[in-house]
Amino acid sequence: MSGATIWFTGLPSAGKTTLATAVAEQLRAGGRDVELLDGDEVREFLSTGLGFSRDDRDTNVTRIGYVAALLASHGTTVLASVISPYADARDKVRALHGERGADFVEVYVATPVEVCSDRDVKGLYARQRSGQLSGLTGVDDPYEAPTAPEVTVPTHQQTPDESAATVVAALALRGLA
């Protein structure tokens, strides 16, 4: 089986990791070798010391993208859930995959900021509102939504199972599920 990277991008608390985890379960059940790269977890080990400036965010995304491309080029299906707020950084990751002959599928987890703020899984939106945090992606720092993702998933309008089914169906059409 060929590998690929499925890149989940969206605002904080959009449902990227929840969706990637559900997709991973379905792909593993179908016999795929799957590796899940969560942006927060990878940052702790691969990008310790980086802050949240644009350059640091781009460096983090590029590092995760490099690892994903490496794994994908060796036949692993990589599910990367990474905010990755800037289009040019995502484009660079896509190019890394092209250089290694690995497929890259961008999944836009299209959840409105109001819904993400209500979910507030990590308390980021509350901290931003109280003045304890600045530079929150999609609030007081930019998020450049993908203009032509392979898959768009409105997690606020679907159950997690429905969202995962949307992604898996799109992957199946590409021979990746």
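**Loops, sheet and packing**

Ser 84 turns up in the loop between strand E3 (77-81) and H4; helices (H or I, at least four residues) and strands (E, at least two) are DSSP runs, numbered from the N terminus. The structure is a predicted model, with local features needing pLDDT of at least 70 and side-chain atom pairs pLDDT 80 or more, while totals for chains, interfaces and linings use all residues. Numbering starts from 1 along each chain as its sequence is written, and side-chain values rest on heavy atoms, with hydrogens and water left out.

Back to that loop: Ser 84 has a positive phi of about 40°, despite not being a glycine. Most residues other than glycine have a negative phi. At 2% relative accessibility, Ser 84 counts as buried (under 20% relative accessible area; exposed is over 50%, partly exposed in between; 1.4 Å probe, protein chains only). Ser 13 tells a similar story: phi is near 70°, again positive in a residue other than glycine. Ser 13 belongs to the loop between E1 and H1, and a relative accessible area of 14% makes this serine buried.

Now for the sheet. Five strands form an open sheet, ordered E2-E3-E1-E4-E5, and the pairing is parallel; strands pair if DSSP finds at least two bridges between them. Strand E2 (34-38) and E5 take the edges, each pairing on one side only. Neighbouring strands of this sheet are turned by 20° against each other on average, direction ignored.

Strand E1 (residues 4-9) has E3 and E4 as its neighbours in the strand order. With E3, E1 pairs in the parallel sense over five bridges; with E4, the pairing is also parallel, over six bridges. Take Ala 4 as a way in: its bridge partner in E3 is Thr 77, and its bridge partner in E4 is Asp 103. One residue along, Thr 5 stands opposite Phe 104 in E4. Further up the strand, Trp 7 has Ala 80 as its bridge partner in E3.

How many of the six residues of E1 are buried? Six of the six are, so E1 is largely enclosed by the rest of the structure. In a regular strand the side chains alternate between the two faces of the sheet. In E1 both faces are covered, with Ala 4, Ile 6 and Phe 8 buried on one side and Thr 5, Trp 7 and Thr 9 buried on the other.

Strand E4 (residues 103-109) is mostly covered too, six of its seven residues being buried. Apart from its pairing with E1, E4 is joined by three bridges to strand E5 (residues 151-153), and E4 and E5 run parallel. Within that pairing, Tyr 108 stands opposite Thr 152 in E5.

E4 also shows up in the ring contacts. A search of the whole structure finds two aromatic pairs. The rings of Trp 7 and Phe 104 have centres 6.1 Å apart and planes at 35°, so this pair is tilted (ring centres of Phe, Tyr or the six-membered ring of Trp within 6.5 Å; planes under 30 degrees apart are stacked, over 60 edge-to-face, the rest tilted). Trp 7 lies in strand E1 and Phe 104 in strand E4, so the pair links distant parts of the chain, 97 residues apart. Both Trp 7 and Phe 104 are buried. In the other pair, the rings of Tyr 108 and Tyr 143 have their centres 6.3 Å apart and their planes at 20°, so the pair is stacked. Here too distant parts of the chain are linked: Tyr 108 is in strand E4, and Tyr 143 is in the loop between helix H6 (124-129) and E5, 35 residues apart. Tyr 108 is buried at a relative accessible area of 19%, and Tyr 143 is buried at 17%.

That leaves the helices. Two packed helices are described by the angle between their axes and the distance between the axes. The axes of helix H3 (residues 54-73) and helix H4 (residues 87-100) come within 9 Å and cross at roughly 25° (lines fitted to C-alpha atoms over the stretch in contact; angles run from 0 to 180 degrees between N-to-C directions). H3 and H4 are therefore roughly parallel to each other (under 35 degrees; over 145 is roughly antiparallel, 65 to 115 roughly perpendicular, the rest oblique). Helix H1 (residues 16-29) and helix H7 (residues 160-173) pack at an angle of about 55°, axes 9 Å apart, which makes H1 oblique to H7.
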